Amino acid sequence: MPAMRPVVAVPSRLDERSFDELAAQVAPVEGSAVVDARHLRWVDPYGMLGLLAAGAVLASRGARPTLYLPQAAEVLSYLSRMGFWAEAERVYELSASPPAPSAVASRRSPVLLEITPVRDHRDVHRVIAEVHERAATILRERLHYTPLESAGFSLVLSEVCQNIIEHAGAEGWVGIQSYRWAQRLGRQVVVIAVMDLGVGFRRSLEREHAARYGERWSDATALEAAFIHGASRFRDPGRGQGLKQIRAQVGRWGGKISIRSGTARIADVPDWDDAPPLETNLPPFPGAQILVVIPEKANGGAKSP
Amino acid sequence: MDAPRWKRTEVLLLHYLVTRPTGRGLRAAMESTLAELGADGVPVLLEIDFARVRVLDASCADEIVGCLAERLCGPNPPADAYLWLRNVDEPHQRVLQSVLEHRRRLVAADGPTGCRLLGPASEEIRRAWRRLLTIGCADPSRAATDLACEEDRVAFLVGELERQRLARRDRDGRIWACAPSVLRIHVAA
């Protein structure tokens, strides 16, 4: 009788918050596994990349995991529109054939950037060239920012993608979507998710910064060093400005940025969110997972009576 | 007044200036041009035009402007060269200001809101630089009047402007603003 393969049950709603549930199930698995997404009902770009990252982690420990596809037709269709399956097929054995993506995304499509692998700097250029004009239109028309206010979008996108190349030492993915975040915010948002399976912040910064922290050196202190103090793994004083620029721009939008790495997560939390600014003792997960949420400008869409 | 001999070169940057390797490549090309132009020891003014730059990220800006400014002020510069940034708009300025603060360098720029200094300059330095830019050249014998500062601050202010390569003395000790407008007027005269 063949041995039972461990099953990782994907939460029905997969986003930044529930990703930790997924990570907790992935952490103890050794060897071949099944990832069961049949009950998935809602997923955002962070959740999608999390699902890919979980598959890649499991694959690195043994055979490629099997992914049971979601049963909900709208979830399958949305994953197709986001280009999820092309990447999923590299990571998973799929339990069935996924639906083909629709021919052309409409102008009103919430997909701003399909899930895109980032391997080197040329990929960053391709992403920026593809997204810049469309993002400017969405930030103007749906989020009601002026051209000046939306000008920093590509800067943020470029810097978060470069984080993969500069610090991860491994490839990663980026995905962007715009949708109405009714549950938490009641406003339109643009969500950028970036993930990699590299060495993570603690190991990336270890050589230059760990000695100063002594026994306190950890995933959390490494994130604090990079996020708050602009620490970089390079000695050049000009380095480490990317995160500073991202935080400043996201702050101007009243948005949220969070970075999870290893067992910790750090965030700039706006008043519309109730996440803690620093979380520790999370289930371990390799690499780094970055979320940027840009909310619709407050009162920006209000019409005069 | 005799004009100091200057050379001038211009770089028009295009569209999406993102990633550090892109910036590094552009900087290497600019340094190479400066080394060639300045091989005879004549000072060179390099104008970098941002008019067509749609996206400028911090990594690329740090290489193109931050590292280049540091190289020009450092011990082994590619040439006796000076920087001027053209058509710098507000999004460019935010990024450039940040990278120059990190490197503690000052660079002069123009744009929709006029000429300004980017980087961590005190109000005293900014005032002296604006004054020098207006008059073009300050006479050492009346530099305090020309720069509208106290006598005991002249040496420091001029030294700082020279150190940041915003001003240059000619053979007669006169202090020149390293700006395209000043040089053009001068050459035309």
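Colour chain B by pLDDT to begin: in this predicted model the chain averages 90, and 95% of its residues score at least 70. Switch the colouring to chain A, where the mean pLDDT is 89 and 93% of the residues reach 70 or more. Then select residues 301-305 of chain A. The pLDDT there is below 50, and beyond near neighbours in sequence the stretch has two contacts in the model. For the complex, the predictor reports an ipTM of 0.82 and a pTM of 0.88.

**The interface between the chains**

Show both chains together. The contact joins 20 residues of chain B to 20 residues of chain A. On the chain B side, select helix 1 (20-37), strand 2 (44-56), helix 2 (58-73) and helix 3 (90-103), the elements that each give two or more residues to the surface touching chain A. Helix 3 of chain B provides the largest share, seven residues. Colouring this side of chain B by residue class gives nine nonpolar, six polar and five charged residues.

**Two domains in chain A**

Hide chain B and give separate colours to domain 1 (1-97) and domain 2 (108-300) of chain A. Their C-alpha centres lie 23 Å apart. Where the domains touch, 21 residues come from domain 1 of chain A and 22 residues from domain 2 of chain A. On the domain 1 side, pick out helix 1 (16-26), helix 2 (45-60) and helix 4 (84-91) of chain A, each of which supplies at least two residues. Helix 2 of chain A has the largest share of that side, with nine residues. By class, the domain 1 side of this contact has 14 nonpolar, two polar and five charged residues.

**Helices 1 and 2 of chain A**

Keep helix 1 and helix 2 of chain A on screen. Their axes come within 10 Å and cross at roughly 10°; the two helices are therefore roughly parallel to each other. To see the contact, show side chains for Glu16(A), Phe19(A), Leu22(A) and Val26(A) on helix 1 of chain A, and for Tyr46(A), Gly47(A), Gly50(A), Ala54(A), Val57(A) and Leu58(A) on helix 2 of chain A. Seven of these contact residues are nonpolar, two are polar and one is charged.

**The parallel sheet**

Next, select strands 1, 3, 5 and 6 of chain A, which form an open sheet in the order 1-3-5-6 with parallel pairing. At the edges are strand 1 (7-9) and strand 6 (93-94) of chain A, each paired on one side only. Zoom in on strand 5 (residues 66-68) of chain A and strand 6 of chain A, which pair in the parallel sense over two bridges. Here Leu67(A) stands opposite Leu94(A) of strand 6 of chain A.

**The antiparallel sheet**

Move to strands 7 to 13 of chain A. These seven strands make an open sheet with antiparallel pairing, and the order to follow across the sheet is 7-8-9-13-10-11-12. Strand 7 (111-118) and strand 12 (278-279) of chain A are at the edges; each has a single partner strand, so one side of each is left without a neighbour in the sheet.

Go inward to strand 10 (residues 256-262) and strand 13 (residues 285-295) of chain A. Seven bridges link this antiparallel pair. A pair to label is Ser261(A) and Ala288(A), with Ala288(A) standing opposite in strand 13 of chain A.

Finally, add the helices that lie across this sheet. Helix 8 (residues 200-213) of chain A lies across strand 10 and strand 13 of chain A, at about 75° to strand 10 of chain A. Helix 9 (residues 219-227) of chain A lies across strand 10, strand 11 (264-268) and strand 12 of chain A, and runs at about 30° to strand 11 of chain A.

Definitions and conventions:
Residues are numbered from 1 along each chain as its sequence is written. Chains are lettered from A and ligands numbered from 1 in the order in which they are written. This is a predicted model: local features need pLDDT of at least 70, side-chain atom pairs count only at pLDDT 80 or more; totals for chains, interfaces and linings use all residues. Two strands pair if DSSP finds at least two bridges between them. Helices (H or I, at least four residues) and strands (E, at least two) are DSSP runs, numbered from the N terminus. Two residues are in contact if their C-beta atoms, placed from the backbone, lie within 7 Å. Axes are lines fitted to C-alpha atoms, for helices over the stretch in contact, and angles run from 0 to 180 degrees between N-to-C directions. Domain bounds come from an automatic or database domain assignment. Ala, Val, Leu, Ile, Met, Phe, Trp, Tyr, Cys and Pro count as nonpolar, Asp, Glu, Lys and Arg as charged, and the others, Gly among them, as polar. pLDDT is the predictor's confidence in each residue, from 0 to 100. Angles under 35 degrees count as roughly parallel, over 145 as roughly antiparallel, 65 to 115 as roughly perpendicular and the rest as oblique.
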